[in-house]
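This report describes the surroundings of the ligands and one sheet of the structure shown below.

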Amino acid sequence: MTYLERAIESIKARNSHEPEFIQAVEEVFHSIAPVLEQHPEFEKANILERMAEPERTIIFRVPWTNDKGELIVNRGYRIQFNGVRGPYKGGFRFHPSVNLSILKFLGFEQTFKNALTGRPIGGGKGGADFDPKGKSDAEVMRFCQSFMTELFRHIGPDVDVPAGDIGVGAREIGYLFGQYRRLKGAYEAGVLTGKHVIYGGALGRKEATGFGLLYFTKAMFDQNLIELAGKTAIISGSGNVALYTAVKAQEFGVKILAMSDSAGYVYDPAGIDVKAMIDLKEVRHGRIKEYLEDHPSAKYVEGLRKIWGVKCDIAFPCATQNDIDLESAKMLVANGVLAVCEGANMPTTYEAMTYLMDKGVLLTPAKASNAGGVAISAVEMTQNSMRQSMTFEEVDTILKTIMNNIYRDSLNASIKYGYGHDLVAGANIVSFLRIAESMMLQGDY
Ligand SMILES: NC(=O)C1=CN([C@@H]2O[C@H](COP(=O)(O)OP(=O)(O)OC[C@H]3O[C@@H](n4cnc5c(N)ncnc54)[C@H](OP(=O)(O)O)[C@@H]3O)[C@@H](O)[C@H]2O)C=CC1
Ligand SMILES: O=C(O)CCC(=O)C(=O)O
């Protein structure tokens, strides 16, 4: 058995009840076999097993009272995965499906993604099995206050800097920040990112993940001499990442044919009216099928993953993990898809990813193509430390540069290690090397 095989076996045995976590680890570690051959020192330092074990996992009780006066108990988590390159950094997910496996996969992915940005940030992730959907503002506030009442002692601008993810936007970040400030008795603006711009958030953070995804996609299309303008696309999800993917895609001349939520998708042959979709989702907090009320030519189809049967040139999975399974990938290929560009974290199963690449479909790996959000979170941290703020245009220019750099670095690493134009392998290798070398320099922790 090679070192790589032994390490994977050991990690699987230690985390046998965590399928999403094992999936994320295997995907990265399979890419780095040629790197290990050139760096025998990594085996001696047992880098792989150290990298796959979070530095710290915090699990805590979150009691709160609902509007009926009932006391509800949720479970809160913070995984401080790897702090070798800076304060732990990564979002909170509030969703009923949240468990240790999902948060560990997200924390592991985040560590690699953050290294790709080139910014001085480590990796972490957190959240709770709390569902903000259908809750009043007052209930969400009480939940966030209780969550932060435990968590505040574990985070800080130089320690661990959380942000948003599924179910956590500017509203939740505001309540969390307010409670942190109250408990600390200090205005530590850089303790959370994704804050409202009126009190220390960065202009452009809200748009950054979606816009960054399009900058990365454009770099890939340019490299392959394919025109982006005039293409058709479908986007799963209709949350933060999906909406701003739609905005920038449209600006680049792409026609969005369909978008979804967890109940179903809407198809608009005239092209999705993105402004109306933002109003429906961000302002009115409606379900996606309500889009039909003002757009009678559109149709609504119920069911998870049904959207992948819509014929398109580009698929942007922007909802959640394992959204594109093998069956969905086969539908996309049968309909002639050119590219799958990942906005969500690990939205494509390993089998689906392998199938798509074997069929010549261009694929942008999430940890590279959705890194724009956390990259601009790091810019927000910088602004907060300097007590300054930048214009939207300044932030957008930084975002473009970072996304183009990630594309270039991933492509070069893929070529250097014999993978050709495989951005999945390239992104895994670049980030692995940055983390491994930083760990080697800091001793055997
Ligand atoms: N926000 C950010 O900056 C970043 C987010 N990401 C990733 O992008 C993805 C989307 O995040 P974001 O847009 O912030 O989240 P939001 O909560 O804003 O939106 C999530 C969207 O996905 C849909 N969805 C479909 N199926 C599921 C499911 N099984 N579980 C949860 N949601 C589902 C939701 O529909 P419904 O309303 O019906 O639940 C909703 O439309 C996630 O994978 C996240 O980790 C990655 C990088 C940065
Ligand atoms: O902005 C951040 O810190 C985290 C964003 C995030 O959760 C992600 O990149 O998956």
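## Surroundings of ligand 2

In this predicted model, the shell around ligand 2 is made up of Lys89, Gly90, Gly91, Gln110, Lys113, Ala163, Asp165, Thr193, Asn345, Gly373, Val374 and Ser377. Three elements, namely strand β3 (88-94) and the helices α6 (100-117) and α15 (372-386), each contribute at least two residues to this shell. Sorted by class, the residues around ligand 2 comprise seven polar, three charged and two nonpolar ones.

## Surroundings of ligand 1

Ligand 1 has 24 residues around it, of which Gly239, Asp261, Ser262, Ala344 and Gly373 come nearest; Gly373 is also listed among the residues around ligand 2. Helix α10, spanning residues 240-251, gives the most to the shell of ligand 1, supplying three residues, and domain 1 (54-187) and domain 2 (207-369) each provide at least three. By class, 15 of the residues in this shell are polar, seven are nonpolar and two are charged.

## The seven-stranded sheet

Seven strands form an open sheet with mixed pairing, in the order β9-β8-β7-β6-β10-β11-β12. Because β9 (299-302) and β12 (362-364), at the edges, each have a single partner strand, one side of each is left without a neighbour in the sheet. On average, and with direction ignored, neighbouring strands of this sheet are turned by 15 degrees against each other.

Within the sheet, strand β7 (residues 255-260) runs antiparallel to strand β8 (residues 264-267), and three bridges join the two. Ser260 has Tyr265 of β8 standing opposite.

Note on methods: Residues are numbered from 1 along each chain as its sequence is written. Chains are lettered from A and ligands numbered from 1 in the order in which they are written. This is a predicted model: local features need pLDDT of at least 70, side-chain atom pairs count only at pLDDT 80 or more; totals for chains, interfaces and linings use all residues. A residue is near a molecule or strand if its C-beta atom, placed from the backbone, lies within 6 Å of it. Helices (H or I, at least four residues) and strands (E, at least two) are DSSP runs, numbered from the N terminus. Ala, Val, Leu, Ile, Met, Phe, Trp, Tyr, Cys and Pro count as nonpolar, Asp, Glu, Lys and Arg as charged, and the others, Gly among them, as polar. Two strands pair if DSSP finds at least two bridges between them. Axes are lines fitted to C-alpha atoms, for helices over the stretch in contact, and angles run from 0 to 180 degrees between N-to-C directions. Domain bounds come from an automatic or database domain assignment.
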